[in-house]
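Colleague: Could you take one part of this model and go through it slowly with me? I'm in my first year, so please explain the terms as you use them.

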Amino acid sequence: MDPLKSFNSNKHLKEEFVSNLSGSSVLEIIALTVSVPMLVLIRQSTSATGAFLKKKNDDAVSKSSNFKAYLATLSLDFIVIVFPMLLCFTVLSNWTYIFTILLTILTLVCIAAKRTAASSISSKGEHNSIRKYITSYRVVVMIITFLCILAVDFRIFPRRYAKTETYGTSLMDLGVGSFVLANSLVSRQARNITSVNWKTAIVSTSPLIILGFLRLVTTTGVDYQVHVSEYGVHWNFFFTLAAVSLLTSFVNIPPQYSGAFGLLVLVVYQFCLIHGLGTYLLSSERGMDIISQNKEGIFSIFGYWGMYLLGVQLGNYLIFGRHSSGLRSTRWVRMRVWILSILFWLLTVFLDKHVERISRRTCNLPYVTSVLADNLQLLSILMLGDLIPGSKTSVLEEALNRNLLATFLLANILTGLVNLSVDTLSASSITALSILAVYAYILSMVIGMADYFGVKLKFW
């Protein structure tokens, strides 16, 4: 495309801005995964117990009052949860460890104060708390995602948090893996609903395929920057999710055996990577055939599929298994999530040192274990909410959870609009932070209002 006619005149500069990066340390990723969910815990510990009416009300005054109160609460959720995350990823990035320590102290104070004030009140609704934690976990993954996908285009966002080129680990490297794992934990397979025929599988996956082609057409049409080494020339995130979903549906593995089968897939794939496949995937040379053009996206499917299968068994074991119900059930799950997170971190360090360095680009075995470790750690922190009597899911969490796909699509649209209308590379820190804050607030409010009025994006 002629640069003079391009919608995106700084395309090549923006592509270079996110290229050849090596990530940050595992310790910093762990610190971020501690601090981010603690913001959610702090908000939950201070949230009111009242509920807002989302149904029609004949009393216009009451209806208007409810809507204003809902928007006020939604804004407060944004201020306490989303905005501090944005600061943590940008202007406070050099104080990550201090920020984590301060949030840890504040969380412990909130828990202690709430428990003291409610010591005489028995915990109620504990039976459904595991589902609440999964909701919070999925929402936190989404918030991190929609903040990072735009922030990465500004200089205010540390390069060590952006996606790595070949080996290493970073905050954004965890994105697609976290999506795959979050979906697998609550999937039909994890719930032992495996009777899906080919027609149903294709129909349910078709929206992802359509979105994949729409992204390909739109990014090409407006000459949008694309980091080719991430997935390939034509491949993208939606195609990966669709491929994993189809593979899981066609190869019907009972959830109690999916972990073993997933591990087998990962070990065989890792063996192939070590014995030549990895060199081919990380090479900058590409042939003219469709496979060579999209080699990273196509071959990494096996890594993501293995991760998904492990997530299915974890979801079946931790969430949908037949262990005891009530308070004991929550403690049972929390203990095992903490243990599994620690074990996966130890395994990640071992594999990274003795087998192959972590590579999101190939989705190798160390990358898979790092995603499992990080996500289970995030969930384990959120499950400390069990120690807060009467804690409840915030309004923003509920809204985002009901429209996760809509949130992601709207975030991508807004990110594209900002990139096409603003020179993100030359924006000052104040300008960048202002744009990011407005973007995140608009996104939160739109999704919140959609939830208030009962609007839900669902393709099937």
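Modeller: Here is a walk around helix α14, its surroundings and the space beside it, with a short look further afield at the end.

This is a predicted model, in which local features need pLDDT of at least 70, side-chain atom pairs count only at pLDDT 80 or more, and totals for chains, interfaces and linings use all residues. Residues are numbered from 1 along each chain as its sequence is written, and side-chain values use heavy atoms, with hydrogens and water left out.

First, the overall picture. The protein has 17 helices and zero strands. Both are DSSP runs numbered from the N terminus: a helix is H or I over at least four residues, a strand is E over at least two. Of the 460 residues, 55% count as buried, meaning under 20% relative accessible area (over 50% is exposed, in between is partly exposed, with a 1.4 Å probe and protein chains only). A contact means heavy atoms within 4.5 Å. Among contacts between residues at least 6 apart in sequence, 84% join residues at least 24 apart.

Now zoom in on α14, which covers residues 365-382. Let's come at it from Thr-33, which sits in helix α2 (residues 26-46). Thr-33 counts as buried because its relative accessibility is 6%. Beyond its neighbours within four places in sequence, Thr-33 is in contact with Asp-374, Gln-377, Leu-378 and Ile-381. Take Gln-377: 344 residues separate it from Thr-33 in sequence, yet their C-alpha atoms are 7.0 Å apart in space.

The side chain of Thr-33 also makes polar contacts. A polar contact is a pair of N or O atoms within 3.5 Å; within protein, one must be able to donate a hydrogen and the other to accept it, and residues adjacent in sequence count only if both atoms are side-chain atoms. One partner is the side chain of Asp-374, at 2.4 Å. Another is the backbone oxygen of Ile-29, which lies 2.7 Å from a polar atom of the Thr-33 side chain.

Next, look from helix α13 (residues 327-354), where you'll find Ser-341. Ser-341 is buried, since its relative accessible area is 4%. Leaving out neighbours within four places in sequence, Ser-341 touches Ala-373, Leu-376 and Gln-377. So Gln-377 is in contact with Ser-341 as well as with Thr-33. The side chain of Ser-341 reaches the backbone oxygen of Ala-373 at 3.2 Å.

Between α13 and α14 there is a loop, and Cys-363 is in it. Cys-363 has a positive phi of about 55° although it is not a glycine. Its relative accessible area is 0%, so it is buried.

What about empty space? Rolling a probe the size of a water molecule over the atoms shows where empty space is left. Here a cavity is a set of points, on a 1 Å grid over the protein atoms alone, where a 1.4 Å probe fits but cannot get out; lining residues have an atom within 4 Å of a point. Points are joined across faces, edges and corners, and the volume is the space filled by probe spheres set on them. The count comes to two cavities of 30 Å³ or more, and the largest has a volume of about 80 Å³. Of the 13 residues that line the largest cavity, the closest to its centre are Ile-134, Leu-318, Ile-319, Val-333 and Leu-379. Two or more lining residues come from each of α5 (129-151), α12 (295-318), α13 and α14. The lining has twelve nonpolar residues, one polar and no charged. Ala, Val, Leu, Ile, Met, Phe, Trp, Tyr, Cys and Pro count as nonpolar, Asp, Glu, Lys and Arg as charged, and the others, Gly among them, as polar.

Finally, follow α5 away from the cavity. A nonpolar core is a set of buried Ala, Val, Leu, Ile, Met, Phe, Trp, Tyr and Cys residues joined through side-chain atoms within 4.5 Å. The largest such core has 115 residues, and Phe-89 and Phe-146 touch the most other members. Helix α5 gives the most to this core, with 16 residues. Not counting residues up to four places away in sequence, Phe-146 touches several residues, including Val-82, Thr-407 and Tyr-439. Phe-89, for its part, is in contact with Pro-158, which is in the loop between α5 and α6.

Methods: 1 Å grid on protein atoms, 1.4 Å probe; cavity = no way out; pocket = protein on both sides within 12 Å on 5 of 7 lines; lining within 4 Å.
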